[in-house]
Amino acid sequence: MITMKKRLVRTVMVIAGVSFLCLYVNAQQPKPWDVPAEYKNMKNPVAKGEESNKAGLATYTKFCASCHGKTGLGDGVKARMLKDFPGDFSGDYFQNQTDGEHFYKTKFGRNEMPKFEGKLSDENIWNLVNFMRTFKK
Ligand code: HEC
């Protein structure tokens with residue numbers, strides 16, 4: 001009897017463990033986010049370089065790092081309280097998007113990603129877009 005119970009407990013624990021792992025892995029997958037073509041193909045009006053990166057870093061530290069993490073890995077202090085994974089800015093999925101896509105997503109947000117329209121100027125958002133390129137692996 002006792003061993004049966006033990007085996008049952010062990011089985012339940014393994015099933016629970018595997019389910020949590022699947023949920024965790026699934027939560028790390030980005031959900032498709034369509035960006036209108038006019039934004040996707042938008043030309044970045046702010047030149048890339050030291051000056052823009054510096055401005056981007058300052059804004060990023062103040063408004064973004066709490067969720068996205070200092071180095072853009074999605075590991076900020078608030079990240080574990082979020083339902084959705086904020087993304088890994090060092091990886092291909094992020095870096096293969098256009099500047100316009102990053103601009104659109106930052107400006108208008110979605111669900112737990114706050115919108116920064118009205119809070120940050122377009123120029124500031126483009127500085128962020130430039131700065132986020134420095135996270136590339
Ligand atoms: C409260 C937490 C939070 C803050 C603060 C935050 N974000 Fe996000 N961000 C998220 C979450 C969560 C997602 C994923 C949203 C989704 O997929 O629906 C996201 C997604 C994004 C994406 C899209 C990533 C991709 O690969 O599609 C960009 C770009 C982005 N954030 C930029 C920023 C910038 C720039 C700032 C600061 C100005 C910022 N975020 C501040 C939580 C946050």
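Here are some friendly notes on the domains, the ligand and the pocket of this structure.

1. Before anything else, please keep in mind that this is a predicted model.

2. A good place to start is the layout of the chain. The domain assignment splits the protein into domain 1, covering 1-30, and domain 2, covering 32-135. Between the C-alpha centres of domain 1 and domain 2 there are 36 Å.

3. Next, look at the ligand. Around the ligand you will find 23 residues. The closest of them are Cys-64, Cys-67, His-68, Lys-105 and Met-113. Sorted by class, this shell holds 15 nonpolar, four polar and four charged residues.

4. Which helices each supply at least two residues of that shell? They are α4 (65-68), α5 (92-95), α6 (99-108) and α7 (122-132).

5. Three side chains are worth clicking on for their polar atoms. His-68, listed among the closest residues, has a side-chain N or O atom 2.7 Å from a nitrogen atom of the ligand. Arg-110 places an N or O atom of its side chain 2.7 Å from an oxygen atom of the ligand. For Gln-97, a polar side-chain atom is found 3.1 Å from an oxygen atom of the ligand.

6. Where does the ligand sit? The space it takes is the largest pocket, and about 880 Å³ of space lies in that pocket.

7. The lining of the largest pocket is made of 38 residues. Nearest the centre of the pocket are Trp-33, His-68, Phe-85, Pro-86 and Gly-87. His-68 therefore deserves a second look: the list of residues closest to the ligand includes His-68, and the list of those nearest the pocket centre includes His-68 as well.8. By class, the pocket lining has 19 nonpolar, 11 polar and eight charged residues. The helices that each give at least two residues to this lining are α1 (2-27), α3 (50-63), α4, α5, α6 and α7.

9. Finally, how do the two domains relate to the pocket? Domain 1 (1-30) and domain 2 (32-135) each contribute at least three residues to the lining of the largest pocket, the space taken by the ligand.

Terms used. Residues are numbered from 1 along each chain as its sequence is written. This is a predicted model: local features need pLDDT of at least 70, side-chain atom pairs count only at pLDDT 80 or more; totals for chains, interfaces and linings use all residues. Side-chain values use heavy atoms; hydrogens and water are left out. Domain bounds come from an automatic or database domain assignment. A residue is near a molecule or strand if one of its heavy atoms lies within 4 Å of it. A polar contact is a pair of N or O atoms within 3.5 Å; within protein, one must be able to donate a hydrogen and the other to accept it, and residues adjacent in sequence count only if both atoms are side-chain atoms. On a 1 Å grid over the protein atoms alone, a cavity is a set of points where a 1.4 Å probe fits but cannot get out, and a pocket is an open set with protein on both sides within 12 Å along at least five of seven lines; lining residues have an atom within 4 Å of a point. A molecule sits in a cavity or pocket if more than half of its atoms lie within 2 Å of its grid points. Helices (H or I, at least four residues) and strands (E, at least two) are DSSP runs, numbered from the N terminus. Ala, Val, Leu, Ile, Met, Phe, Trp, Tyr, Cys and Pro count as nonpolar, Asp, Glu, Lys and Arg as charged, and the others, Gly among them, as polar. Grid points are joined across faces, edges and corners, and a volume is the space filled by probe spheres set on the points.
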